Amino acid sequence: MLWSAYSLRNLWARRVTTLLTLLGLGLVVFVFVAILMLAHGLERTMGKTGDPANAIVMSKGALSEIESSLSREQTGVLAAQPEVITLADHQAAAVREIALQLTLRKQEGGSLASLSLRGSSPDAFAVRPLVRIAQGRLWQPGTTEVIVGTQVAKQFPEARLSETLRFGRREWTVVGIFEAEGSGFDSEVWGDAEQMMATFHRTLFSSMTVRLADPTVLPAFKARLERDPRFKVSVKREPEYYEGKAEGLARLIRVTGLFLTLVFSVGAILGATMTMSASVAHRTTEIGTLRTLGFTRSHILQAFLLESSLLGLAGGLLGVAGAALLNSVTISTVNWDTGAELAFAFHLTPTMVGEGLLFAAGMGIIGGLVPAARAAHIEIVHALGQRTV
Amino acid sequence: MVDPVVSLQKVTKSYSRAGTDVSVLRDLSFDIPAGTFLAIMGPSGSGKSTLLNVMAGIDRPTSGSVVVAGTRLDGLSEGEMARWRARHIGYVFQTYNLIPVLTAAENVELPLALTHLTRRERSDHVRTALRLVGLGDRMAHYPRQLSGGQEQRVGVARAIVSDPTMILADEPTGNLDRESADDILTLLARLNRELGKTIVMVTHDPRAAERAQMIRYLEKGVLEMPP
């Protein structure tokens, strides 16, 4: 208690240098936590995409829906599997879809960006109950009407309600905006699969998503379909498939970001070292006094390390507080795994707060190590300034 | 015959300065009986503070034996010496050496942080020590809020709070006005007389030395009887 008060008050006593050091440490922790938040936000968005009760079926060897192709016959047999739930209208809860890409301009005169274009059917809403129409209405089957995710409507002026999109040499009217609880679907454009296949001269679907009566049967369902030579398909749980689509970008963000953090942290550690060195130089007599009273070298080392770790922790709190301001801020970027624009939000978790503070305390301790060791090794008579006899 | 609390045998201390050995203490041998209030006088550079530091275990002699409170100091490691100091030595500095960021009570509590006393017991000891030096009403004051005399009284309270075997005072009145100096000397004399504390005080002020029971002169590293 006495030591904590001693350390804290010494930091306060040199508040100008303490504050400058805190800013340096805080900035590094801010970058560190913001990167974790960004990568986690991306994974979270993609992880929320899809429903755990759903299985996505693609052709064998396809890494994404764009590379996959399923025939009408295949999708008909797949929908008739006993594990697939039956809807009130006695139809199987299965939706066959075609995955395409669409290029739109972000702002007036702004850059072009690719978007995921999904040819689907109204059954998609039965298979994915979390997706709902927020404004307008669903497209009419057999028409060139589309609906867009909330993030698309927000970022692309030409994709707002009642606007007309031009692709595939046809005009498509935006008749609705759907909301998918912050998942990756919010960054997609959906329309009638048959119309899109006709427009883009396709005869094959990309994938089929089925809702299972019992989510726990997925491993057996997957094993049976993947073993069956008639299908030549691969089956994944829907959220796992979309989560996998974020891996590359999330890894890139983490590696690049953590490398930058590491470089910045060298500067922050040096700042902490200089602050603590000045503190030791200023308190030489104090160190001699404590040693005279019976405190050991180890006590002095611990006192200065406690002080530098408190300095780090305070910087950490500052950085985490700054990063917390980013929480829920949405940004949009190209997902390297799909090539399409994806909007996702920074997301702070208690674990990140802990990691940020631990990182900050670590920087403080490393920065304080040399000055603390020097303080602990000063000879008492030198510290008291008495070597002059 | 009272047992000596300090016993020095053939103690020498020399420093190397610019390649030349400078002798500070020369073949010093003497005993200090328990309960004595001893003043050591001498001109600047005579080795008074070095002698005090050797007795306090914060400096080691070049040769000879130093036995204080029944412990031979030259055999102790750094850590053992620190623990020994905490148990046996109360040190009063010329410049008070209070920790500026701690209150009077916290400064006095510092030596007790090295004991196994409970928080409550520590608090009681601190209150008693500060009352003894007449600063019971200044416990929450920081050093900058105290006069020089009051700061030194806090320094004395810090030196006695752990009930050490011996109090060593290095020019305790050197930075004080006459009145405050008298107060401190009266306090030291009281601690010696009423609590039986062994006190060794280094001073170059004859008026301060007069308050001690015994005076010794240190001249060029050799201890002499008063003229």
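Q: What radius of gyration does chain A have, against the value near 21 Å for a compact globule of 389 residues?
A: We're looking at a predicted model, where local features need pLDDT of at least 70, side-chain atom pairs count only at pLDDT 80 or more, and totals for chains, interfaces and linings use all residues. Residues are numbered from 1 along each chain as its sequence is written, with chains lettered from A and ligands numbered from 1 in the order in which they are written. The radius of gyration is taken over C-alpha atoms, and the globule rule is 2.2 Å times the number of residues to the power 0.38. A compact globule of 389 residues would come out near 21 Å, but chain A has 30 Å.

Q: What box do the C-alpha atoms of chain A fill?
A: The box is taken along the principal axes. Its dimensions are roughly 100 × 50 × 30 Å.

Q: Which helix of chain A gives the most residues to the largest nonpolar core?
A: A nonpolar core here is a set of buried Ala, Val, Leu, Ile, Met, Phe, Trp, Tyr and Cys residues joined through C-beta atoms within 7 Å. The largest one has 177 residues, with A:Val33 and B:Ala157 among those with the most contacts inside it. Helices (H or I, at least four residues) and strands (E, at least two) are DSSP runs, numbered from the N terminus. With 15 residues, the top contributor is helix α2 (residues 15-48) of chain A.

Q: Between which domains of chain A does this core lie?
A: Domain bounds come from an automatic or database domain assignment. Both domains give residues to the core, so it lies between domain 1 (2-47 + 247-383) and domain 2 (54-211).

Q: Is B:Leu130 buried or exposed?
A: B:Leu130 sits in helix α4 (residues 119-132) of chain B. The cut-offs are 20 or more other C-beta atoms within 10 Å for buried, 12 or fewer for exposed, and partly exposed in between, with C-beta atoms placed from the backbone. B:Leu130 has 23 other C-beta atoms within 10 Å, so it's buried.

Q: How many residues does chain B bring to the contact with chain A?
A: Two residues are in contact if their C-beta atoms, placed from the backbone, lie within 7 Å. Chain A puts in 20 residues, and chain B puts in 27 residues.

Q: Which elements of chain A give two or more residues to the side that touches chain B?
A: The residues on that side divide into nine nonpolar, seven polar and four charged. The elements giving two or more of them are α1 (2-13), α10 (284-293) and α13 (380-383).

How values were computed. Nonpolar A, V, L, I, M, F, W, Y, C, P; charged D, E, K, R; others polar.
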